[in-house]
Amino acid sequence: MSGNLQLLSDTLAKAKAEDRAALVAYLPAGFPTVDGGIEAAKAVFDGGADIVEVGLPHSDPVLDGPVIQTADDIALKGGVKIADVLRTVREAHAASGKPVLVMTYWNPIDRYGVERFTAELAEAGGAGCILPDLPVQESAVWREHAEKHGLGTVFVVAPSSRDERLATITAAGSGFVYAASLMGVTGTRESVGASAEDLVARTRATTELPVCVGLGVSNAVQAKEVAAFADGVIVGSAFVKRMLDAPDHAAGLTAVRELAAELAEGVRRTP
């Protein structure tokens, strides 16, 4: 069975045709429970997210700030497994018909087996993977199997990436490019940072792939700001924080659905 890279590409193209940025939501699998995480993914799709990234919880998440680390800890203590991540992808995609990616560090895939993981992710209806710590020069085996199974390979670029490095990274990627808006870990911030617009412009000079911006966006005003220059707006910590702060699971689902609706309005560029 082939994965849904084409669906991902079509979704980003549709958003562009509507003169808006795509809304990309991140939620970790297994948080607050496996079933609860699946319900949360469905809720953000219901609210208006175009794409969902399902996080594979990791004990040492180098890119993730304290909010997502807290959620990862809850998921790991609950015994979340890769099979649960794949089930989350399957059910979120089946319920919405929209693209679902996995965001993961390399070690869990390496231990699970690249061929096994890519085959099972494609079978679950996944669109691809975001791999923040896999160096491009060491990614050939992954990319071979991902391409064979119709999966996208999304690499992360940062403001510190030089133009030559950007070209190397974007040439190896597919689906879209994840532009980290600033140096540091994920988390909501007062401003997204002026470096993001420059990074998007420099990245676009090297590729035809859409460029989606993450790290720091937490509200509709910031989403609108980023949507003015990016193809997609990635929001993670703000969704997770709504879940963490909610008095119960039902309230958490309502909160993330409402946030998705607010952000979906924000990514529309028209006044």
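How many of the five residues of strand β2 (residues 51-55) are buried?

## Strand β2 and its partner

In this predicted model, five of the five residues of β2 are buried, so the strand counts as mostly covered, buried being under 20% relative accessible area. The cover extends to both faces of β2. On one side sit Ile51, Glu53 and Gly55, and on the other Val52 and Val54, all of them buried.

Let's look at the neighbouring strand. Strand β1 (residues 22-28) runs parallel to β2, and five bridges join the two. Within this pairing, alanine 25 of the chain stands opposite valine 52 in β2.

## Helices α6 and α7

Next comes a helix pair. Helix α6 (residues 114-123) packs against helix α7 (residues 140-148) with the axes 9 Å apart and at an angle of about 30 degrees. Because angles under 35 degrees count as roughly parallel, α6 is roughly parallel to α7. Their crossing is right-handed.

From α6, the contact draws on Val114, Glu115, Phe117 and Thr118, while α7 supplies Val141, Trp142, His145, Ala146 and Lys148. Sorted by class, five of these contact residues are nonpolar, two are polar and two are charged.

## Leucine 76 in helix α3

Finally, a single residue to find in the viewer: leucine 76, which belongs to helix α3 (residues 66-77). Leucine 76 has a relative accessible area of 34%, which means that it is partly exposed. Leaving aside residues up to four places away in sequence, leucine 76 touches Pro57, His58 and Ser59. Glycine 173 lies 97 residues from leucine 76 along the chain, and their C-alpha atoms are separated by 29 Å.

Key
Residues numbered from 1 in each chain as written. Predicted model: local features only at pLDDT ≥ 70, side-chain atom pairs only at ≥ 80, totals over all residues. Heavy atoms only, no water. Axes fitted to C-alpha atoms, helices over the stretch in contact; angles between N-to-C directions. Helix = DSSP H or I, 4+ residues; strand = E, 2+ residues; numbered from the N terminus. Parallel < 35°, antiparallel > 145°, perpendicular 65-115°, else oblique. Left-handed = near helix turned anticlockwise from the far one by under 90°. Contact = heavy atoms within 4.5 Å. Nonpolar A, V, L, I, M, F, W, Y, C, P; charged D, E, K, R; others polar. Buried < 20%, exposed > 50% of the residue type's maximum accessible area, 1.4 Å probe, protein only. Pairing = 2+ DSSP bridges.
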